[in-house]
Amino acid sequence: MGCSGSKRTRGDDNAKKIRKPKPWKHSEPITRTQLMQMRDEFWDTAPHYGGRKEIWDALRAAAEAELSLSQAIIDSAGVIVQNEDLTICYDERGAKYELPKYVLSEPINLIHEN
C-alpha cells in the first residue's frame with residue numbers, strides 16, 4: 001500500500017535538501033554557447049574520473065532539472081549530498097562526485113548573445 005507503512009531510517013531526517021548554488025562569477029565573461037560547450041565537455045568526460053555511470057547520469061538530470069524534480073532524482077538514485085548545491089556528492093558505495101558550479105547554474109557575468 002505505498003509508502004505510508006514504510007519505516008524511516010535514522011538518516012532520513014538528516015537528508016539535505018538541495019538548492020541552487022550561490023551566485024558566482026566566471027574568471028572572464030563567457031557566452032551561453034561557451035557555457036553549454038563547457039558543460040557538454042564536463043559531462044562527456046566525468047564518468048572517466050570514477051564512480052558509476054548511472055550516478056553521473058542522475059546527477060546530470062538533476063543539474064538540468066527544476067529544483068523540485070532535482071530533489072526527486074537525487075533521492076531516487078540514492079545519491080548522498082554533502083553540499084546542498086550538489087557540488088560534492090557520494091554514491092551508496094562511497095564514490096565521490098564533484099560538480100563544478102558551471103554545470104549547476106549560470107555565472108553572473110554571462111554575456112547575453114543576440
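I count a contact when heavy atoms lie within 4.5 Å. I'm keeping in mind that this is a predicted model.

**Whole chain.** I started with the element order: from the N terminus on, it reads β-α-α-α-β-β-β-β. That gives me three helices and five strands. Of the 114 residues in the protein chain, 35% are buried. For the surface, I noted about 7800 Å² exposed, with carbon and sulfur atoms supplying 50% of it. Then I looked at contacts with a separation of 6 or more: residues 24 or more positions apart account for 61% of them.

**Helix H3.** I pulled up H3, residues 67–77, and asked which of its residues are buried. I got Ser 70, Gln 71, Ile 73 and Ile 74. Looking down the axis of H3, I see these buried residues fall within an arc of 165°, so they line one face of the helix. On the other side of H3 I found Ser 68 and Ser 76 exposed. What covers the buried residues? I can list H2 and strand E2 (80–81) as part of the cover over H3. Just past the helix, I checked Gly 78, which follows H3 and has a positive phi, near 75°.

**Ala 61.** Next I went to H2, residues 53–64, where Ala 61 sits. I read off a relative accessible area of 33% for Ala 61; buried would need under 20% and exposed over 50%, so I logged Ala 61 as partly exposed. Last, I took the C-alpha separation between Ala 61 and Ile 74: 9.1 Å, with the two residues 13 apart along the chain. Ile 74 is one of the buried residues of H3.

Technical notes: Residues numbered from 1 in each chain as written. Predicted model: local features only at pLDDT ≥ 70, side-chain atom pairs only at ≥ 80, totals over all residues. Heavy atoms only, no water. Helix = DSSP H or I, 4+ residues; strand = E, 2+ residues; numbered from the N terminus. Buried < 20%, exposed > 50% of the residue type's maximum accessible area, 1.4 Å probe, protein only. Areas by Shrake-Rupley, 256 points an atom, 1.4 Å probe, with all protein chains shown as cover. Arc of directions from axis to C-beta.
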